[in-house]
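Colleague: Before I plan any bench work, I would like a careful look at one part of this model, a single strand and its surroundings. Please take your time over it, and keep what was computed apart from what is only a convention.

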Amino acid sequence: MTEATSSSASTGAAPIDGAVPPPTRPPASRLILIRHGESTWNRERRIQGQLDPPLSEDGLAQARRVARRLEQSTRPNLAAERHRQVEALYTSDLLRATQTAEPIAASLGVKAEPMVELREIFLGEWEGMHTDDLASRYPEAWDAWTREPSWDVVPGGEGAAAFEARVEATIDRLFERHAHGDVVVVTHGGVIQIALHQVVGRTSHGIFAFRISNASLSVVERRGRRKVIARVNDTSHLEGAWAEE
C-alpha cells in the first residue's frame, strides 16, 4: 500500500479518481397555500364559516392575479415557482375557493380537485351574522371570545380540537401524496393559520398569529419529515405591474 492510499484510507476521504458522488438532498415538497379572493361577505364583514357566498368583483380580479403570479413569475426570488412543476391543484369545495381556483387551473393546465376537508371552520350559530351583531345577540360567548379567543365558545361550532385535527390530517395527507413536488392548495384563512401553527408546534384555538389576506400566498416546505415555513401572506401580485389586467 502506498503512502497516498494509506492516507486516504486513514482519513476516510474518497480517492480523487474514485468517482464517488457527494450525497444529494431529496427535493423538498411544497404546499403553496392560497387564501381565496375577497368574497361578497368579506366586504360586508359578515361571518362566513362554511356558508357559501361568491367572490366579489375585486375577488375575481384577485384570483386572476394569483393565477398570473403562478404562471408568469419572473422575479428572482420567485424563480422556484416558475421552474418547479406543479403536480396538483386542490381546493376547498366552497364557492369562494373554487372560483379562485378556476383561473389558476386554466393557467397551470391542471384540474382542480375539490376537497371538503379544506373547508373553513364551521362556526355554528354565528355563520351569516355581521360581526357588529355578535355582542348583542351572544353577549356571554362574545365576552368570552374578547377575553380569550377560542373556537370552543362559538355556539354549535366545530370547535378548536376538531378543526385542528381535520386540517393537520389533510395537510399531512397531501404531503404524503406528493412527496417531491409542488402542490397548490386554495383554501381559507383559518385553514392556513392551522397549517402554519402546525409547523411551529403551536395550537391556534382562534388566536391567529399570522396575517392571512385575501388572495395571499404562503408556502410550507417538507424535506424528509421536517417542515419549514418558506413564505407567509405574500400579496405582491396584487400590486403594481402584477395587478394590471
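Colleague: Which residues of β1 point one way and which point the other way, and are they buried or exposed?

Modeller: This is a predicted model, in which local features need pLDDT of at least 70 and side-chain atom pairs count only at pLDDT 80 or more, while totals for chains, interfaces and linings use all residues. Residues are numbered from 1 along each chain as its sequence is written, and side-chain values use heavy atoms, with hydrogens and water left out.

From β1, Ser29, Leu31, Leu33 and Arg35 point one way, whereas Arg30, Ile32 and Ile34 point the other way, and every one of them is buried (under 20% relative accessible area, where over 50% is exposed and anything in between partly exposed, with a 1.4 Å probe and protein chains only). Put as a count, 7 of the 7 residues of β1 are buried, so that the strand is described as mostly covered. In a regular strand the side chains alternate between the two faces of the sheet.

The neighbours of β1 come next (strands are DSSP runs of E of at least two residues, helices runs of H or I of at least four, both numbered from the N terminus). β1 pairs with β4, residues 182-187, in the parallel sense over 6 bridges (two strands pair if DSSP finds at least two bridges between them). Within that pairing, Arg30 of β1 has Asp182 as its bridge partner in β4. With β5, residues 217-223, β1 also pairs over 6 bridges, but here in the antiparallel sense, and the bridge partner of Leu33 in β5 is Ser218.

Stepping back to the sheet as a unit, you will find 6 strands in the order β3-β2-β4-β1-β5-β6, forming an open sheet with mixed pairing. The edge strands are β3, at residues 112-115, and β6, at residues 226-234, each of which pairs on one side only. At the β3 end, strand β2, residues 86-92, is joined to β3 by 4 bridges, and these two strands run parallel; one partnership that can be followed there is that of Tyr90 with Glu113 in β3.

At the other edge, strand β6 contains Asn233, which has a positive phi of about 55° although it is not a glycine. Asn233 counts as buried, with 17% relative accessibility. A second residue of this kind is Arg45, whose phi is near 60°, again a positive value in a residue other than glycine; Arg45, however, lies in the loop between α2 and α3, the latter at residues 57-72, and with 46% relative accessibility Arg45 counts as partly exposed. Most residues other than glycine have a negative phi, and most peptide bonds are trans.

The approach to β1 also deserves a look. Pro27 sits in the loop between α1, residues 3-11, and β1, residues 29-35, and at 44% relative accessibility it counts as partly exposed. Although Pro27 and His180 are 153 residues apart in sequence, their C-alpha atoms are 5.8 Å apart in space.

Finally, to the charged side chains, where the total comes to 15 salt bridges (a side-chain nitrogen of Lys or Arg within 4 Å of a carboxyl oxygen of Asp or Glu). Among them, Arg43 and Glu38 meet at 3.1 Å, N to O, and Glu38 counts as buried at 15% relative accessibility. This pair does not stand by itself, for Glu38, Arg43 and Asp58 are linked in a network of salt bridges.

Two further salt bridges can be set beside that network. Arg147 and Asp143 meet at 3.0 Å, N to O; the two residues are separated by about one helical turn because they are 4 residues apart in helix α7. Arg147 is exposed, with a relative accessible area of 61%, whereas Asp143 is partly exposed at 38%. In the salt bridge of Glu158 with Arg166, the closest N and O atoms are 2.9 Å apart. There the acidic partner, Glu158, is partly exposed with a relative accessible area of 22%, and Arg166 is buried with a relative accessible area of 17%.

To return to your strand, β1 is buried along its 7 residues, with β4 as its parallel partner and β5 as its antiparallel partner.
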